[in-house]
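Open the model in your viewer and keep the selection panel handy. Each stop below says what to pick and what is there.

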Amino acid sequence: MIIFLIKKCAKGHLPITTADKDKSSNQSVASSKDPIQFKVFEMENMQYAEELVREFLVFRGFTNTLQVFEMELSTDIGKGFQVDKILDLIFSIYIPKFQAEKLVGLLSFFKQCFSLVSEAALFSTLSKLEVSILRYYIVCAVQSGRKDKVVEFFGMNGNDLLQRGGDWTPWFAIPYLKNPSLDPQFRIYFSKEWYEALRLSVRNFFSVIFSGTRIPALLKISSEKNTINNLKKDIKQLNVKLSQLRVLLEEKEAQLCWLRSNGSNAASTLDSNVGQGNNSTPLSAAHEENLMTVETCISATPSISETEQPQERAIGGPANGSSSIARIDIEHIIANDAIQMIHGTAYNDDGREMLAEEEFPEVKVDFQETFLGHTSPISRCRFSASGNNIASASVDGTVRIWTYDSSTPTSRNATIYCGTEIMSLDWECKSDRLLLIGTADGGIKAWNVDAKRVVCDLNTSEVFPRYAFRTYVSAIFFSFVLALTMLVLCSVLDLKCSPVEPVFVSAAASRRQGATYLDSLGFASLTVWNMKTWRAMTVLPLGEDPPAITSLCFNHNGKILAAAATDGMIHMFDMSAGLQITGWPAHDSAINSILFGPDETSIFSLGSDGKIFEWSLQNQGHVLWSRSCSRFCVPETSRYHRHEMGLDANGRRLLVTSETLRAPIYQVRGHMNGWRTLPHNAAITTVDWHPTLPIFLTGSADNSVRVTSLS
């Protein structure tokens, strides 16, 4: 009878048969769900559900229940319903170590779980498995020569086994048999095939049970939460795609309208030129103009001979119509784009044709998140040192700290009200603990993200050079009081923290009346501050009446500071000595942004005229790579004049702000021309790269900040 029951179980009354044992033990015949997927579900949803229970018990004041709950969690006889842990507990601990009491308790625990629901088939199958597991315990004890453990087992559980039935009576004699493995009644239980079938059956039974066939309602909360989050992400991606399609449609419609309205005029002009015997056409004229633009760019840097230009250098780009953009108007921009796509052709130093920026392919995006917490145009946005947090500022004087990753804690999220326009932001380099904020009224605030408060409020006017006073009192019609009032009018144009020492440098500039943003900047002050005492340490020398410093950058060890000025000069300072060690004229116009290259053998500079140069630091004054993005930088007509650039962690991609809806991403010293970002609804006013990942930030005049991950 016993042999018949064993064979019956092996042929299908257990969840898997011996014929199926060659299949992967991680698969279940009764369920198509992967047990590995359940493990992920269990680890995430189970922990989330336990946190909900704790929160509810604390809220209701059930402290005694909470203590019991924590105590039972620490023991967790069910091992978190993880199949592998349960199998190891049964077949690697309880049975080999002859812990019969714990083995019976574990099986009783699972039987109790299934007895609470109306699933009789599961309870029946588990009862059959329990019989086989207990018999394997006896077989294992006999094979190990521990018949005393068999006697002990029957002494504790004999009465219960007899009441259950299952023909346990012959088994009480097994401790007294000389060689039970040869007995026809018990021989099959000592075979390796029977043990493998049993273990595989136990595995698949628990895999079926824990694969989601019986998920408690509490665990479904986490699943539904994840589903909702995934749906929200899908909606965001669809909205981004919809925005892209709308912009593309408007581009095509505008190009079509322009071609229809100007096609006939172009044709008549061409006929007129041919009739007069003139070989030049509008297209060839535009080509000649672009060639002149290239020659102008080369001649603008007299210290560099033509023979020193590297092959990778790519100067030029479309110049026609770039100065005619007077406002951020999509129809005007698109029409201008259509003109340049027809007339604009650029060539690199090898004579190979390059794509104009408008013809750059759209960047391939893995995901994109849009932050809409601001109510005014974005002035600056920066990743923290780890890249987990983002600080973004707007012209209305607010700074918001937030995270784009749903898995990152939001405990540091905050809104900081500064009362005036934010001109500069920088994170402490060693951690994400401190954020420095520079304002248009000369103030510097240090925000502690953990304490969520301003830990220091500095004023650069107190250390501003005295020579600024001479500028404002030169007008004899101004009273002394008015001159003193104007004396403190300055802006903190940039802030940079040392990557090694607890110091930072502020670049402040006095303010005056001016037609443009650059004209309104007066004289400069470079101040080194101690971040422990929050006091000024020294003022770096810039000479008498120096022009404003617009951008700062430290090298990797903080020993060298690079500073860019509105007169086109790049200054290099030795921070240990506090002295300027070198400098050279880099641009014919003001420099807006400066960055060290990835290997720090070069430095990038972006001029207000849209020219980008990579300068060699080993051969001062030598240009390694250059590009003109004047198509995107129009300081004469732009409302936002402070263009900047961002270099990715590998130093291969250069992202530049733009007066159009898209920003260019250039391939530095590479064979590829570049890419275009996904569109905003207005000009792109600030950019930044993640410190380690291919993820970049774009802030816009449409009040939005976007986080984009490249695929």
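A disulfide here is a pair of cysteine sulfur atoms within 2.5 Å. This is a predicted model, and by that rule it has zero disulfides.

**Stop 1: two cysteines**

Select Cys-456. Its relative accessible area is 13%, so Cys-456 is buried, the cut-off being under 20%. Now jump to Cys-629. Cys-629 is buried too, because its relative accessibility is 0%.

**Stop 2: the largest nonpolar core**

Select Ile-95, Leu-103, Ile-138, Phe-153, Phe-154 and Trp-171. These have the most contacts inside the largest nonpolar core, a set of 43 residues. Next, colour the helices that feed this core. α4 (83-94), α5 (100-115), α6 (120-143), α7 (147-164) and α8 (192-213) each supply at least two of its residues. Which helix gives the most to this core? It is α6, with 12 residues.

Zoom in on Ile-138 and show what surrounds it. Beyond its neighbours within four places in sequence, Ile-138 is in contact with Val-150, Phe-153 and Phe-154. Its contacts also include Trp-168, Trp-171 and Ile-174.

Then move away to a second, separate core. This one has 16 residues, among them Val-528, Leu-542, Leu-552 and Ala-565.

**Stop 3: the kinked helix**

Go back to α7 and show its backbone. Where is the kink in α7 centred? Look at Asn-157: the kink there is about 65°. Asn-157 is also one of the buried residues of α7. The others are Lys-149, Val-150, Phe-153, Phe-154, Gly-158 and Leu-161. Note that this buried set includes Lys-149 as well as Phe-153 and Phe-154.

**Stop 4: strands β5, β6 and β7**

Select Ser-394, in strand β5 (residues 390-394). Is Ser-394 buried or exposed? Ser-394 counts as buried because its relative accessibility is 0%. Show the residues that Ser-394 touches, leaving out those up to four places away in sequence. They are His-374, Ser-376, Pro-377, Ile-378, Ser-379 and Ile-422. Add Arg-380 to the selection. It lies 14 residues from Ser-394 along the chain, and their C-alpha atoms are separated by 6.9 Å.

Step across to β6. β5 and β6 run antiparallel and are joined by four bridges. One pair to pick is Ala-393 with its bridge partner in β6, Val-399. The hairpin of β5 and β6 has three residues between the strands. Stop at Gly-397 in this hairpin, which takes a positive phi near 90°.

Now select all of β6 (residues 398-402). Four of its five residues are buried, so β6 is largely enclosed by the rest of the structure. Then add β7 (residues 414-417), which pairs with β6 in the antiparallel sense over four bridges. Val-399 appears again here: its bridge partner in β7 is Ile-416.

**Stop 5: a four-stranded open sheet**

Select β24, β25, β26 and β27. They form an open sheet in that order, with antiparallel pairing. Which strands are at the edges? They are β24 (645-647) and β27 (674-676), each pairing on one side only. Turn the view to follow the twist, which averages 20° from one strand to the next.

Finish on β26 (residues 664-667). Three bridges join β26 to β27, and the two run antiparallel. Label Tyr-666, then find Gly-674 opposite it in β27.

Note on methods
Residues numbered from 1 in each chain as written. Predicted model: local features only at pLDDT ≥ 70, side-chain atom pairs only at ≥ 80, totals over all residues. Heavy atoms only, no water. Core = buried A, V, L, I, M, F, W, Y, C linked by side-chain atoms within 4.5 Å. Buried < 20%, exposed > 50% of the residue type's maximum accessible area, 1.4 Å probe, protein only. Contact = heavy atoms within 4.5 Å. Bend = angle between axes of the 7 residues up to and from the residue. Pairing = 2+ DSSP bridges. Axes fitted to C-alpha atoms, helices over the stretch in contact; angles between N-to-C directions.
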